[in-house]
Amino acid sequence: MVRRVAVIGAGVGGLVSIKCCLDEGLEPTCFERSEDIGGIWRYTDSMDSGRVSVYRSVITNTSKEMSCFSDFPCPEDFPNYLPHGLLLEYFRMYARHFNLLRHIRFKTTALSVRRRPDFATSGQWEVVTETDGVRESHIFDAVMVCTGHYQEPYLPLASFPGIDTRFKGQYLHSREYKDVEAFRGKRVLVVGIGNTGGDLSVELSHVAAKVFLSTRSSTWVFSRVSDHGFPFDMVSTTRFNHFLDWLLPSALTRRMRFRKFNSWFNHENYGLASTKSSYFKVIINEELPFCLLSGTIVLKPNVKEFTENSAVFEDGTIEENIDVVLFATGYIFSFPFLEESVRSLFDDNRSLYKSIFPPQLEKPTLAFIGLVQLTGSLMVGTEMQARWVTGIFAGGRRWNKLPPTSRMMADVLKKKPPVKRNPSERENLKISFISYIDEIALCAGIKPNVLRLLLTDPRLALAIFFGPCTPYQYRLVGRGKWSGARDAILTQWQRTLKPLRTRVVDDSSSGSSGWCWMCLLALPVALTAGFLLSKYPQPGWSLRAGPRL
């Protein structure tokens, strides 16, 4: 029986882990090496202690309704996409509301986490921490590692001959980037076209003499603003779309996805992607197409090598007088505080059962929170993981038990990608948001039953199936059920529109009758889908890149 739980890190994962521990009657102690909560989302100008933080201008890629904690909606007056300062304020509100801060020991570093000699029977861990130079040893029944993805920069210098021997300019990783001032008037080459690479290229294009963006893979770009001005993820991440994706042939859904992307602009004309691409990534960026159109950013293929002041690309072209090379090549995660015998049990998050548990451990008392890579909000995935994990730690329920090691290993091998990719590519080999969240919710006994709701609460069932798959859906049933979940689902569009309606315009038309007709027409579709999904379970994970359309 687990009682005392060590939580390492007070970012998003740490906060939800503390809260879920308290919900299950456990006793959490969180160790945070900095002086405040927020993790990567707490912006700082400095690089003190090697802590990674967002850059000054960053704004979330997922909307507030799709990213909030499942029993604590974002304030209705908050914008739909949050600057890092507002997101951090939301974290503070959450921590105050649930009284989480008293369980956090700030300026305390976890130096080592080791299994106790009697681990095979007790499942206990010895955790050594350091505060102001004073070391202390603790015994815990379980450990939740919440340090996240963004730990050590991945800087593949060996893949770029000459960068550290011949090149006379400056090179740095995007982790060191804070704002544009140091790049004013310079010719900058950005290597890597993930979300970070795209954002930084656009931002630098406003002050740099020229920005070159190098990529070796096909990249589809979409906007956070979807049809009719709604947040893209609220329109696209629905159970209905997920059902179609499961039902229709993959070739057809792929064609539909590409057609949707190209309806904004033709990606092949811009040199970004082709419909014939076998491997591709998807990024979010509203400004990149215009920057390419206006020439403030020039797209280039992969770099072959560097000379003293130039970059030679694989197509034979050369760009002279490069002042700065900015690598947006991702991160690798490491856990130096874990004993080597435990670290050797997994090489990445795909070696973990459900991206959480090392399956070979004798006792399931070590969990990694927030290592999963999803097509939707990581915050929602992190909270779902914490709810399931703490339920397993607390025990006492039939669904709060892990299967035998052999079954867990088989599940890991089935879902592990056949080819090991570098970190920048792994970022884009993401798991379907709804598939993963539903899978963990089913394990935890908190997945909503749409077919049953159609019989008892048709209005709610239709909102769940055809509307956005917001986190409130996972507070309707099971442990942790929240009485406000139904109302939160039925009012989610009101909170979406509230911050936009700062100026009232006359609109005498009413959409109420249209909504009624839509509900009547949708009812047979939802009934059919509910029956099929209950009769033929969906595959747990999808390794297709990009969000569902």
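In which loop does S63 lie? S63 is found between strand 2 (27-31) and helix 2 (64-67); helices (H or I, at least four residues) and strands (E, at least two) are DSSP runs, numbered from the N terminus. The model is predicted, so local features need pLDDT of at least 70 and side-chain atom pairs count only at pLDDT 80 or more, while totals for chains, interfaces and linings use all residues. Residues are numbered from 1 along each chain as its sequence is written, and side-chain values use heavy atoms, with hydrogens and water left out.

S63 is buried, at a relative accessible area of 0% (buried means under 20%, exposed over 50%, partly exposed in between; 1.4 Å probe, protein chains only). Neighbours within four places in sequence aside, S63 contacts N80, Y81, P231, D233 and M234, where contact means heavy atoms within 4.5 Å.

The largest nonpolar core (buried Ala, Val, Leu, Ile, Met, Phe, Trp, Tyr and Cys residues joined through side-chain atoms within 4.5 Å) has 107 residues, and Y90, F91, F357 and F393 have the most contacts inside it. Helix 11 supplies the largest share of this core, 9 residues. The core lies between domain 1 (4-151 + 333-436) and domain 2 (156-223 + 264-329), because both give residues to it; the domain bounds come from an automatic or database domain assignment. Residues up to four places away in sequence not counted, F393 touches V2, V5, L26, A142, V143, M144, F357, P364, T365 and A367. Another core, of 22 residues, lies apart from the largest one and includes W125, F333, L338 and V342.
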